[in-house]
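Please look through the sequence and the model below before reading on. The report that follows takes up a few topics in turn, each under its own heading.

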Amino acid sequence: MKRLELLVESVILASRWLLVAFYLGLGLALAIYAVSFALKLWDFASHVIGLDDTEVILKILGLIDAALIASLLVMVIISGYENFVSRFDREDEVHWLGQIDAGSLKIKVASTIVAISSIHLLQVFLNVTIYTPNQLFWYTTIHIAFIVSALFLALIDRISKKPAKAAGPEL
């Protein structure tokens, strides 16, 4: 019976290596997104002369948005691998990795999503004339939902990291 238990535990523990396929896939998605970014940058650079200030700001916000999404992908790939699959052998090159646990990763992801949503909302408000009041309401409501979710995640993480009070007599 103990041998069966050890076998089951070994299989379950080894199954974490299946996550590598997901992280490699996200790495490939990042490479594809880098090509998309390069095309956006080229389009912006080649047409910047004919753009007004608002259009320039919108293009730059699009590039910032792409950088945030790429950073989010890198954060998930590296910290996910470190937290769930295996520690990196080159600890000196990635010393900051040990500081990102699963709870911190959730907060960083939520914060990045709020930042991305903020950029999209700013883009909407810079083009406010093409949106209906109902669309503006829903864009704003969804953004607020992202903010509230991120705040709750941070609160839950903070509560879960508080040290337990020492048990002792109450006075």
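## Salt bridges

In this predicted model, the side chains of Lys-59 and Asp-43 come together in a salt bridge, with 3.1 Å from N to O. Lys-59 belongs to helix 3 and Asp-43 to helix 2, so the pair ties together parts that lie 16 residues apart in sequence. Lys-59 is partly exposed, its relative accessible area being 33%, and Asp-43 also counts as partly exposed, at 31% relative accessibility.

How many salt bridges does a search of the whole structure find? The search finds two, and besides the pair just described there is a salt bridge between Glu-5 and Lys-2, whose closest N and O atoms are 3.8 Å apart. Both Glu-5 and Lys-2 lie in helix 1, where they are three residues apart, or about one turn of the helix. An α-helix has 3.6 residues a turn, so residues three or four places apart point the same way. Glu-5 is partly exposed, with a relative accessible area of 39%, whereas Lys-2, at 52%, is exposed.

## A nonpolar patch on the surface

Met-1, Leu-4, Leu-7, Val-8, Val-11 and Ile-12 make a nonpolar surface patch of about 660 Å². Met-1 is found in the segment before helix 1, which covers residues 2–14, and Met-1 counts as exposed because its relative accessibility of 84% is over the 50% cut-off.

## Helix 2

Helix 2, which runs over residues 19–47, has 29 residues and reaches 42 Å from its first C-alpha to its last, close to the 42 Å expected at 1.5 Å a residue. The buried residues of helix 2 are Val-20, Tyr-23 and Phe-44, and these buried residues pack against helix 3, which spans residues 53–84.

## Helix 5 and Ala-150

Helix 5, made of the 29 residues 133–161, should span 42 Å at 1.5 Å a residue, and its end C-alpha atoms are indeed 42 Å apart, which agrees. Which residues are buried in helix 5? They are Leu-136, His-143, Ala-150 and Asp-157, and what covers the buried residues of helix 5 includes helix 4, residues 102–126.

Ala-150, which is found in helix 5, counts as buried because its relative accessible area of 14% is under the 20% cut-off. Leaving aside residues up to four places away in sequence, Ala-150 touches Ala-110 and Val-114. The C-alpha atoms of Ala-150 and Thr-112 are separated by 9.5 Å, although these two residues are 38 residues apart along the chain.

Conventions
Residues numbered from 1 in each chain as written. Predicted model: local features only at pLDDT ≥ 70, side-chain atom pairs only at ≥ 80, totals over all residues. Heavy atoms only, no water. Helix = DSSP H or I, 4+ residues; strand = E, 2+ residues; numbered from the N terminus. Expected span 1.5 Å × (residues − 1). Buried < 20%, exposed > 50% of the residue type's maximum accessible area, 1.4 Å probe, protein only. Contact = heavy atoms within 4.5 Å. Patch = residues over 30% accessible without salt bridge, like charges linked within 9 Å, V, L, I, M, F, W, Y side chains within 5 Å. Areas by Shrake-Rupley, 256 points an atom, 1.4 Å probe, with all protein chains shown as cover. Salt bridge = Lys/Arg side-chain N within 4 Å of Asp/Glu carboxyl O.
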